[in-house]
Every structure is written in structure tokens, then in C-alpha cells.
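Got the viewer open? Load the model, colour it however you like, and follow along one selection at a time.

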Amino acid sequence: MSTRSVYRANTDHHGAAAEARAHRGVWVAAGLYPTRDAARATVRRVPSGVDYPSYTPKEFEAYCAIATDGWAVWVRWVAGEGPVPDLPDTMTVRVTSRGDGPGYTGVGVVTVTVTARCPRCGGPRGWDAVTPYRFCEDGAWYTVDRWLNPCTHRDLYEDVLRESRLRPPPPPRPADVVIPQSPPISEEPEPGSPAGLILTAAAGWRGMHAAKAADLLETVHGLAMEAEAIRTEMRVRRGHMSAKAAAHFLHTATKDPR
């Protein structure tokens, strides 16, 4: 009995590029990927336009973030006059804390730092729309922060507090490092790596397709996971993928864009 592969992607890069061009500087959801490596590989290729003709080189930025159902890739169009605001890695806010045990224990205010990405869809949070909010409880006045997420997903204080405890935000990137503008990887794959095995076979097989490369990895070398990753990427590209392109995909997918 066959089972459905967990290696699947749900993308609409053509539609995302069109929407992004209509709203300069606004982040647009481009796709949902099953693994971090697949999402990061896409992030690396968007600014260069490699394998994604919908994106004009040097006109788009991209990032990926974990979401409810996988790893989300978001893009934005940055061509034109004037700078666009950078998206921070984290945001620091004041939220209420009412205790973890049963019963009412009073209210407190806690300052926490969480990721600037929505935990449900990976989109930008309302980090640039945080405003103070004063309220009175039990005769005492407190000040916390409020914000609205562009994706419309609502952050509850108890969820934000729990997130700060269970999933610390990523460390900030160095100021001189910009993920979307990272240079393309130029190193050749190792001969014995999955990408290297494909290139070796393709050297003696003119016009070798990615499907054959996937079969080679699975049946000859026992690399079922890498083979399935290629087949997933083939579906994203609607079958337009050579063996050399498959090797390039595997090689870049194993590199960390950070």
C-alpha cells in the first residue's frame, strides 16, 4: 500500500510576484514548504531569479519562517526610488502575566522578546505598529503594548508569553549581513555527495532529466530522502528540471543561507 509523501510544497510564485509588484515594499506569501532546507533554497534563488522567472533579478527580497503547517516563504518587491524598511528578527513588547496556576493570582506586566514573524503563517508581525495601552485592574494602573499583524492573525498575550518561554527568538544577524543578497554558491559539490553523484552520471548521459537523477539516487545509492526532495521540487517546477538543475538544487539546499 502506498502512502502520500510528506515532501510536498504549495506555492504560487507567479501570483506572489504580481501582487508584490503592485505593493512595493510589502511582504507577500509565496509558498509553503515541508522542510527548512527547501524553503531556504528558494529564499536564496529568489533575488537572483535563478529557476524562478517570475522574479526579476535584484528586484526582489525573500525570507522564510516556520509556520503552522511547514516553512513559509515570503517575498517583496524593492525596485524603485527610496529605501524600504528592514524587517527585524525580533520585537520586544510588554504583555500581561496572570500566573500559571489555577485561580486568580493578580496581574503583572512582563517584557518579552519574540520573533518578528507570525507563528501561524510566518508573515511579518506588527513590529512597527506597537502602541502603549493603559488599563486599570483591582485599583491599579498598568501599561502594556498592543499591535496589529498585517496578516490579521491575532496575538494573545498568554500566547506571546508562552512563546517567549518555549521558543526563544533567533539571534540577531550581524548588521553587515543581508540574507536575500547573499552571493550564489559557487563551490562544486563533493564527488561522493548526492549532488556529485548526479553530476557524474549526467556527464555521460546527454539531456538527463531530474526524474532519472531521483531514480538513480533512490535505487542505486539508497538515498530515498534526497530523491523525494528532487521529486517535490520537480512538482514545483511542473516537471521542467534537468539532472544538473537537480544537482544544483540539492547542493544549495544543504547550505545555510545565514
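A word first on burial: a residue is buried under 20% relative accessible area, exposed over 50%, and partly exposed in between, using a 1.4 Å probe and protein chains only. This is a predicted model, where local features need pLDDT of at least 70, side-chain atom pairs count only at pLDDT 80 or more, and totals for chains, interfaces and linings use all residues. Residues are numbered from 1 along each chain as its sequence is written, and side-chain values use heavy atoms, with hydrogens and water left out.

**The whole chain**

Start by showing everything as a cartoon. You should find seven helices and eight strands; these are DSSP runs numbered from the N terminus, with helices being H or I over at least four residues and strands E over at least two. Of the 258 residues, 42% count as buried. Contact here means heavy atoms within 4.5 Å. Taking contacts between residues at least 6 apart in sequence, 61% join residues at least 24 apart.

**The four-stranded sheet**

Next, select 10–11 and 60–67. These are β1 and β3, the edge strands, each pairing on one side only. They belong to an open sheet of four strands in the order β1-β2-β4-β3, with antiparallel pairing. Two strands are said to pair if DSSP finds at least two bridges between them. In general, strands of a sheet pair through backbone hydrogen bonds, either parallel or antiparallel.

Add residues 28–33 to get β2, which is joined to β1 by two bridges. Click Asn-10 and look across to β2: the bridge partner is Leu-32. On to the pairing of β2 with β4, which is antiparallel and has five bridges. Find Ala-29 there and you'll see Trp-74 of β4 standing opposite.

Now show 13–22, helix α1. This helix lies across β1, β2, β3 and β4, running at about 160° to β2. For angles like this one, axes are lines fitted to C-alpha atoms (for helices, over the stretch in contact), and the angle between N-to-C directions runs from 0 to 180 degrees.

**A residue in β3**

Zoom in on Ala-67, in strand β3. Is Ala-67 buried or exposed? Ala-67 counts as buried because its relative accessibility is 12%. Leaving aside neighbours within four places in sequence, its contacts are Leu-32, Ala-72, Pro-119, Arg-120, Cys-121 and Gly-122. Try a distance label to Gly-122: the two C-alpha atoms are 5.1 Å apart, although 55 residues separate them along the chain.

**Helix α2**

Select 36–45 for a mostly covered helix, with eight of its 10 residues buried. Among the buried ones are Arg-40, Arg-44 and Arg-45, along with Thr-42 and Val-43.

**The α4 and α5 pair**

Finally, show 194–203 (α4) and 210–220 (α5), which pack at an angle of about 120° with axes 10 Å apart. That makes α4 oblique to α5; angles under 35 degrees count as roughly parallel, over 145 as roughly antiparallel, 65 to 115 as roughly perpendicular and the rest as oblique.

Turn on side chains for Pro-194, Leu-197, Ile-198 and Ala-201 in α4, which meet Ala-213, Leu-216 and Leu-217 in α5. By class, this contact has seven nonpolar residues, no polar and no charged ones. (Ala, Val, Leu, Ile, Met, Phe, Trp, Tyr, Cys and Pro count as nonpolar, Asp, Glu, Lys and Arg as charged, and the others, Gly among them, as polar.)

Last stop: Gly-207, in the loop between α4 and α5. Gly-207 counts as exposed, at 71% relative accessibility. Lys-244 is 37 residues away in sequence, and the C-alpha to C-alpha distance is 9.2 Å.
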